[in-house]
Amino acid sequence: MTHRQIMEALSGLLLVLFVAMASSTIVSTALPKIIGALDGSQSQYTWVVTASLLTATASTPIWGKLADLYSKKLLVQISIVVFVLGSIVAGMSQTAGQLIAARAFQGLGMGGVQALVQVTIAAMIPPRERGRYNGYLGGVMALATVGGPLLGGLIVDTSWLGWRWCFYIGVPIAVIALVVLQKTLNLAVIRRENVKVDYVGAALIALGVSTLLIWVSFVDSSFAWLSWQTYAMVGAGLGILALAVWVETRVAEPVVPIQIVKQRTTALSIIASLAVGMAMFGGSVFLGQYFQIGRGYSPTEAGLLTIPMMAGVLLSSTVAGRLISISGRIKPYIVAGTLILVGGFAGLSFLDHDTSLWYVGGAMALVGIGVGMTMQNLVLAVQNTVALKDIGAASATVAFFRSLGGTIGVSVLGAVLAHRVTDNLTHELAAAGVQSGGSAASSLNLSALPAAIQHLVRVAYGDATGHIFLISAVIAVVGVIAALLMKPAALRSTVDLTTADVTTANVATADLATTDLATAPQQASADEDEDAIPAEALAR
């Protein structure tokens with residue numbers, strides 16, 4: 001494809017990505033008011049985010065596997081339609097429970113968009129050139145993440161719109177994306193014969209993870225750590241996951257491909273994606289809550305205050321993408337990104353209810369820079385190691401574990417935050433001579449509380465937030481270790497793997513000190529059987 005053709009098709013894909021990301025970021029800033037209007041609790045606040053992440057996690061590898069079987073263009077369009085229907089239903093919700101269910105359905109489309117945009121771009125652009133196009137992805141991510149909170153804040157602060165338009169606003173953009181994709185995206189359908197989708201494995205993984213996440217949400221509040229409920233839920237969750245592992249090792253086409261996961265680069269990228277996902281989603285999702293409940297800012301102001309983090313994403317993804325395309329090296333940028341991410345979360349761990357906004361902005365900028373340098377490049381590192389026929393499964397596997405990490409992070413950190421807020425608030429209320437802290441802690445509708453109690457709630461939330469960022473920093477260290485253990489590799493310049501690429505790379509690596517690179521193809525052809533490497537492949 002020419003650069004113009006790539007940009008035309010990419011425009012539709014970027015609109016798709018914008019719709020998915022903006023829908024989440026719009027809701028993130030507005031969520032405190034949404035949950036307050038629906039009279040929801042902190043646990044329900046967490047599950048509004050977790051529900052969509054969980055279904056996106058479960059569906060992502062299935063979408064990726066279907067991309068190896070059917071038209072990528074059609075699948076992208078289907079995922080958009082599912083996402084839009086979920087958005088409309090979410091906007092019509094009357095209770096927090098209905099909103100959680102609608103978000104779970106919406107997550108099915110989100111999983112498709114997450115997997116299929118990466119798969120489609122990989123089918124169009126070689127890894128060596130993909131770095132500079134990742135800059136456009138980073139720009140859209142930053143625009144959606146900066147514009148989303150601002151738009152969400154404006155919507156809930158505008159009386160004649162209301163919070164329901166946070167879900168409706170993405171519908172016209174999605175329609176435009178469908179039209180653009182219909183006109184610009186034209187990819188050959190490369191089908192693998194006898195491909196089977198592992199629905200059983202995906203269902204078992206989702207069920208096992210859901211059981212453990214439900215346990216995390218209710219333990220130490222509804223029942224004790226050492227209780228029959230804990231034994232039952234943890235035992236069931238681990239048993240289901242063990243059964244899922246057994247199924248994955250037996251089926252012909254596992255939802256998490258064993259032959260791909262066994263590769264060193266893929267395995268380490270998965271570990272890093274888990275850590276980055278847990279830290280990124282788990283930490284950043286509570287920033288809007290910190291600014292609004294912990295600091296007392298409006299949703300619009302909270303959106304403005306998150307700009308430093310999004311500016312960091314835009315800057316780092318664009319610059320790193322260009323440098324990767326020039327050098328062909330990716331590991332140094334992933335290592336640097338994970339280190340910066342740890343530093344950013346470590347800085348945010350010192351937050352309380354009166355921390356300087358300049359300090360908060362600087363720490364958030366570091367988090368944004370770290371995310372921009374790691375998230376897309378971990379997918380790129382895996383795509384560089386697999387053939388085009390496996391690009392869907394490989395890309396979806398990394399996205400699957402990143403979403404899984406995010407789901408676990410949001411649920412675990414949300415449970416930690418709720419528990420710590422309850423403890424802090426109970427202590428503050430007791431010190432003020434009020435003995436009933438539970439009712440105040442269970443509701444996020446601060447306008448219904450007396451002014452003095454509102455202040456205590458804000459202090460409790462502001463002081464508790466730093467603790468979850470400390471946990472995020474510890475989790476992100478795992479990503480640093482995985483990035484350091486990754487094997488350095490040059491990005492290939494072809495969309496698909498070729499025998500000549502593999503052989504030439506091996507010869508160049510082995511004889512770099514004594515062999516002129518210009519003669520490497522001839523040496524490779526001398527060492528290999530003539531039929532194994534056709535002349536046309538060597539010419540490429």
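**Figure 1. Helix 3 gives the most to a nonpolar surface patch, with three residues.** This view comes from a predicted model. Six side chains make the patch: Val-81, Leu-85, Ile-88, Met-92, Phe-105 and Leu-108. The patch covers about 490 Å². Helix 3 spans residues 72–91 and helix 4 spans residues 96–124. Each of these two helices supplies at least two residues of the patch.

**Figure 2. Leu-108, one of the patch residues, in close-up.** Leu-108 sits in helix 4. Is this residue buried, partly exposed or exposed? Leu-108 counts as partly exposed because its relative accessibility is 33%, and that class lies between under 20% for buried and over 50% for exposed.

**Figure 3. Val-478 and its partners distant in sequence.** Val-478 belongs to helix 19, which runs over residues 451–485. Its relative accessibility is 41%, so Val-478 is partly exposed. Which residues does Val-478 contact, leaving aside its neighbours within four places in sequence? They are Ile-271 and Ala-275. Val-276 makes a further landmark for this view. Val-478 and Val-276 stand 202 residues apart in sequence. In space, their C-alpha atoms are 8.6 Å apart.

**Figure 4. The whole chain, for orientation.** The chain has 540 residues. Its elements are 22 helices, with zero strands. Of the residues, 56% are buried. Take the contacts between residues at least 6 apart in sequence: 84% of them join residues at least 24 apart. The accessible surface comes to about 21700 Å². Carbon and sulfur atoms account for 67% of that surface.

**Figure 5. Confidence along the chain, from helix 15 to helix 21.** The mean pLDDT of the chain is 76. Of its residues, 81% reach 70 or more. Which element has the highest mean pLDDT, and which the lowest? Helix 15, residues 331–348, has the highest, at 91. Helix 21, residues 520–527, has the lowest, at 38.

**Figure 6. Two stretches with pLDDT below 50.** One stretch is residues 437–442. Beyond near neighbours in sequence, residues 437–442 have 10 contacts in the model. The other stretch is residues 500–540, where pLDDT stays under 50. For residues 500–540 the model has 25 contacts beyond four places in sequence. Where pLDDT is low, the predicted coordinates should not be read in detail.

Conventions: Residues are numbered from 1 along each chain as its sequence is written. This is a predicted model: local features need pLDDT of at least 70, side-chain atom pairs count only at pLDDT 80 or more; totals for chains, interfaces and linings use all residues. Side-chain values use heavy atoms; hydrogens and water are left out. Patches are made of residues with over 30% relative accessible area and no salt bridge: like charges are joined within 9 Å, nonpolar side chains (Val, Leu, Ile, Met, Phe, Trp, Tyr) within 5 Å. Accessible areas come from the Shrake-Rupley method with a 1.4 Å probe; for residues, only the protein chains shown count as cover. A salt bridge is a side-chain nitrogen of Lys or Arg within 4 Å of a carboxyl oxygen of Asp or Glu. Helices (H or I, at least four residues) and strands (E, at least two) are DSSP runs, numbered from the N terminus. Buried means under 20% relative accessible area, exposed over 50%, partly exposed in between (1.4 Å probe, protein chains only). pLDDT is the predictor's confidence in each residue, from 0 to 100. Contact means heavy atoms within 4.5 Å.
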